[in-house]
Amino acid sequence: MPLTMAREGEVTSIKRVGGKEEVRRHLENMGFVPGTDVTVVTVNNVIVNVKEARVAISREMANKIMI
């Protein structure tokens, strides 16, 4: 399921990152790589903790991250 389906406070693991090559590379540079745990901080604005950093991404980008 996409990251946008996770609930606030939920800790999940990234299974895969989809999208075009440049989008995948951008997300990987921000720490969104398969096997990494992410904690959802807020659902509305899609803010997550990943690799000890708090990152805000668009819902469109979050839909490309499968958990």
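Q: How do the residues lining the largest cavity divide into nonpolar, polar and charged?
A: The lining divides into seven nonpolar, two polar and no charged residues, where Ala, Val, Leu, Ile, Met, Phe, Trp, Tyr, Cys and Pro count as nonpolar, Asp, Glu, Lys and Arg as charged, and the others, Gly among them, as polar. The lining itself consists of Leu3, Thr4, Ala6, Val40, Thr42, Val43, Val46, Ile47 and Val48. This is a predicted model, in which local features need pLDDT of at least 70 and side-chain atom pairs count only at pLDDT 80 or more, while totals for chains, interfaces and linings use all residues. Residues are numbered from 1 along each chain as its sequence is written, and side-chain values use heavy atoms, with hydrogens and water left out.

Q: Why is this space called a cavity?
A: It is called a cavity because, on a 1 Å grid over the protein atoms alone, a 1.4 Å probe fits at its points but cannot get out, and its lining residues have an atom within 4 Å of a point. The structure holds one cavity of 30 Å³ or more, and the volume of the largest is about 50 Å³, taken as the space filled by probe spheres set on grid points joined across faces, edges and corners.

Q: Which strands each supply at least two residues of this lining?
A: They are strand S3 (37–42) and strand S4 (47–50), strands being DSSP runs of E with at least two residues, and helices runs of H or I with at least four, numbered from the N terminus. The protein chain has two helices and six strands, which run β-β-α-β-β-β-α-β from the N terminus on.

Q: What makes the protein chain as compact as a globular protein of its length?
A: Its radius of gyration, taken over C-alpha atoms, is 10 Å, close to the 11 Å that the globule rule (2.2 Å times the number of residues to the power 0.38) gives for 67 residues, so the chain is as compact as a globular protein of that length.

Definitions and conventions:
On a 1 Å grid over the protein atoms alone, a cavity is a set of points where a 1.4 Å probe fits but cannot get out, and a pocket is an open set with protein on both sides within 12 Å along at least five of seven lines; lining residues have an atom within 4 Å of a point.
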